[in-house]
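Subject: Structure handover, with notes on pockets, cores and rings

Dear colleague,

I am passing on the structure below, together with a written account of what was computed from it. Please read the notes with the model open beside you.

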Amino acid sequence: METKARKVGRNDPCPCGSGLKYKKCCLDKGRSDFLRLKEKYLQDYTIPLKEKEDIEAIRMAGRLALDTLRLVEEHIRPGIITDEINTLVHDFTIKHGAIPAPLNYRGFPKSVCVSVNEVICHGIPGDRVLKEGDIVNVDVTPILNGYYADTSKTYFVGKPGADAHKLVKVTRECLKAGMDMIHPGSRIGDIGWAIQEHAESNGCSVVREFVGHGVGLDFHEAPQIPHYGQQGKGIVLVPGMVFTIEPMINLGKKGLHILDDNWTAVTNDNSLSAQFEQTILVTENGLESLTPYDLDEPLPNI
């Protein structure tokens, strides 16, 4: 016969046998262990582990970021000007009580990064017109009640060609491969190793100069999350870490240069580049995406 276990009260003797009351012993053990770990990671790596209230606030910012991407997706079409995307993102963010983090960040002049075809990242919205067959990455980061969430997707403009279809598929799979490596006890190098392995096995290359990063209390925090690397190397992942994974994958070679605007990064060989990004929380049992979207949805036919 099964019996229902009685819940231990705060003033009951602790089940561990210490002789102390439960509230003075194991009730707060998990909390005290987390605080010690939080202090260590801040001191050793400048990584701010997030508390429950922080996580919920970042999750709320993440919901707004996803709503913003959904709005943009409805308007992606041949003929739209990239500055129109900026207006959509800026107005929607402000309307919902948030601030677009890119605007005036280290002099960046717009509220969103819009990167088309050969542009790897940090594309400045302007008068570029999207054409049939283009790919475009839209990278949004709202600040909601002082908390940041960062996410991006690469979209097809009209019907994709074979190269665009392959690259977007591989890049999305790279994000998934990196996420699959995340659990307490794994290392930062495991994430980059999985991404690099998948990209290069499909004939693509991984951008080295731009990496994922801690996020939540600020736009860019420790640690950096390279999208290449060695398995078993790097800082150990622990619950409470929040960071982005945002692989930038090129169809051609990995080399890049920055345009005269000091922001726009483009491929040296003019090959296509794509990116997908989510904000990730390391949990006790694995991970939670704080900006979740489906990485398995079917891509359009070419």
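By class, the lining of the second largest pocket in this predicted model is made up of six nonpolar, three polar and seven charged residues, where Ala, Val, Leu, Ile, Met, Phe, Trp, Tyr, Cys and Pro count as nonpolar, Asp, Glu, Lys and Arg as charged, and the others, Gly among them, as polar. This second largest pocket holds about 380 Å³ of space, and of the 16 residues that line it, Phe34, Lys50, Lys52, Pro239 and Glu284 lie nearest its centre. Two or more lining residues come from each of α1, α2 (52-75) and β16, with α1 giving the most, namely five residues. A pocket here is found on a 1 Å grid over the protein atoms alone, as an open set of points where a 1.4 Å probe fits, with protein on both sides within 12 Å along at least five of seven lines, and a lining residue has an atom within 4 Å of a point. Grid points are joined across faces, edges and corners, and a volume is the space filled by probe spheres set on the points. Helices (H or I, at least four residues) and strands (E, at least two) are DSSP runs, numbered from the N terminus.

As for how the values were obtained, residues are numbered from 1 along each chain as its sequence is written, and side-chain values use heavy atoms, with hydrogens and water left out. Since the model is predicted, local features need pLDDT of at least 70 and side-chain atom pairs count only at pLDDT 80 or more, whereas totals for chains, interfaces and linings use all residues.

The largest pocket has a volume of about 550 Å³, and among the 25 residues that line it, Tyr105, His122, Phe210, His213 and His220 are the closest to its centre. Strands β9 (212-214) and β10 (221-225) each supply at least two residues of this lining, and β10 has the largest share, three residues. By class, the lining of the largest pocket has eleven nonpolar, seven polar and seven charged residues.

Tyr105 also brings us to the aromatic rings, where rings of Phe, Tyr and Trp (its six-membered ring) pair if their centres lie within 6.5 Å, with planes under 30 degrees apart counted as stacked, over 60 as edge-to-face and the rest as tilted. By this rule the count comes to four aromatic pairs. One of them joins Tyr105 and Phe219 in a tilted arrangement, at 4.8 Å centre to centre and 55° between the planes. Tyr105 lies in the loop between β1 (98-100) and β2 (113-116) and Phe219 in the loop between β9 and β10, so this pair ties together parts that are 114 residues apart in sequence. Phe219 is buried, with a relative accessible area of 8%, while Tyr105, at 22%, counts as partly exposed; buried means under 20% relative accessible area, exposed over 50%, and partly exposed in between (1.4 Å probe, protein chains only). The rings of Tyr148 and Phe219 have centres 6.0 Å apart and planes at 25°, so that pair is stacked. Ring pairs thus link Tyr105, Tyr148 and Phe219 into a cluster, in which Tyr148 is buried at 14% relative accessibility.

The largest nonpolar core, that is, a set of buried Ala, Val, Leu, Ile, Met, Phe, Trp, Tyr and Cys residues joined through side-chain atoms within 4.5 Å, has 36 residues, and those with the most contacts inside it include Ile182, Leu237, Phe243 and Ile245. The elements α1 (29-45), α4 (162-179), α5 (188-201), β11 (242-245) and β16 (278-282) each supply at least two residues of this core, and α4 gives the most, with seven residues. Apart from this core lies another, of 19 residues, among them Ala61, Ala98, Tyr147 and Tyr148.

Finally, some points of backbone geometry may deserve a look. The peptide bond from Ala222 to Pro223 is cis, with omega near 5°, and Pro223 is placed in strand β10. Asn104, in the loop between β1 and β2, has a positive phi of about 70° although it is not a glycine, and Asn104 is exposed, with a relative accessible area of 60%. Asn262 has a positive phi near 70°, lies in the loop between β13 (256-258) and β14 (265-267), and is exposed at 64%.

With best regards
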